[in-house]
Amino acid sequence: MPTRQDAELAARLFRGLSDPTRLGLLTALTTGERTVSDLVKAVDAGQPNVSAHLACLRGCGLVTSRPGPGRTVLYRLAVDSLVPLLHAAEHLLADTGEQVALCPAHAPETP
């Protein structure tokens, strides 16, 4: 049985994954290395926003980078175990997505 500390660490991981942009970046990286420009297009967000989220994901040890051709930087998943986790989430949402969308406890905030 996981300890309270284990559960808190897992909750921190899931909070990191809970942002739609970060989740989109991770999903885009499941197919291999990408540049920031590629990722900006993949998640339809601005470059500063994408760069900030990539920094967060790097800080959590989920994404890594290396120099690419010229002045580019190539990003990739730091751990292969993210791929089955993301696929499991897709399968779970296929089964429960409607209920998740309607869950009042996690409704989007309205301005």
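Among contacts in the protein chain between residues at least 6 apart in sequence, 45% link residues at least 24 apart. The model behind this figure is a predicted one. Of the 111 residues in the chain, 24% are buried. Measured out along its principal axes, the C-alpha trace spans about 45 × 35 × 25 Å. 

As for the overall build, the chain holds five helices and three strands. Going along the sequence, these elements come in the pattern α-α-β-α-α-β-β-α.

Helix α4 turns up in two helix packings. One of them involves helix α3, which covers residues 36-43, while α4 covers residues 47-59. The axes of these two helices come within 9 Å and cross at roughly 105°. That angle makes α3 roughly perpendicular to α4. On the α3 side, the contact is made by Val36, Leu39, Val40 and Val43. Facing them from α4 are Gln47, Val50, Ser51 and Leu54.

The other packing brings in α2, whose axis lies 10 Å from that of α4, at an angle of about 75°. The pair α2 and α4 is therefore roughly perpendicular as well. Here α2 supplies Thr21, Arg22, Leu25 and Leu26. From α4 come Asn49, Val50, His53, Leu54, Cys56 and Leu57. Val50 and Leu54 thus appear in the contact with α3 and also in the contact with α2.

Next come the charged side chains. A search of the whole structure turns up three salt bridges. One of them sits in helix α1 and joins Arg4 to Glu8, with the closest N and O atoms 3.0 Å apart. Arg4 and Glu8 are four residues apart in that helix, so about one helical turn separates them. Arg4 counts as exposed, at 66% relative accessibility. Glu8, at 40%, counts as partly exposed.

Glu33 has a part in two further salt bridges. With Arg66, the N to O distance is 2.7 Å. Glu33 is found in the loop between α2 and β1 (34-35), whereas Arg66 belongs to strand β2 (residues 63-67), so this pair ties together parts that are 33 residues apart in sequence. With Arg76, the closest N and O atoms of the salt bridge are 3.4 Å apart. Arg76 is in strand β3 (residues 73-77), so its pairing with Glu33 ties together parts that are 43 residues apart in sequence. Taken together, Glu33, Arg66 and Arg76 are linked in a network of salt bridges. As for exposure, Glu33 is partly exposed, with a relative accessible area of 33%. Arg66 is partly exposed too, at 37%, and so is Arg76, at 31%.

Asp19 is another charged residue worth a look. It lies in the loop between α1 (4-17) and α2 (20-29). What is the nearest side chain of opposite charge to Asp19? That side chain is Arg22, 4.4 Å away. Asp19 is buried yet has no salt bridge. Since a salt bridge needs a side-chain nitrogen within 4 Å of a carboxyl oxygen, the 4.4 Å between Asp19 and Arg22 does not qualify. Asp19 does have a polar partner in the backbone: a polar atom of its side chain lies 2.8 Å from the backbone nitrogen of Thr21. Thr21 is also one of the α2 residues in the contact with α4, and so is Arg22.

Thr27 gives a further view of helix α2, where this residue lies. The side chain of Thr27 reaches the backbone oxygen of Leu23, at 2.9 Å. With 35% relative accessibility, Thr27 counts as partly exposed. Between the C-alpha atoms of Thr27 and Cys103 there are 24 Å, and the two residues are 76 apart along the chain.

Technical notes. Residues numbered from 1 in each chain as written. Predicted model: local features only at pLDDT ≥ 70, side-chain atom pairs only at ≥ 80, totals over all residues. Heavy atoms only, no water. Buried < 20%, exposed > 50% of the residue type's maximum accessible area, 1.4 Å probe, protein only. Lys, Arg positive; Asp, Glu negative; His and termini not counted. Polar contact = N/O pair within 3.5 Å; in protein donor to acceptor, adjacent residues only side chain to side chain. Axes fitted to C-alpha atoms, helices over the stretch in contact; angles between N-to-C directions. Parallel < 35°, antiparallel > 145°, perpendicular 65-115°, else oblique. Contact = heavy atoms within 4.5 Å.
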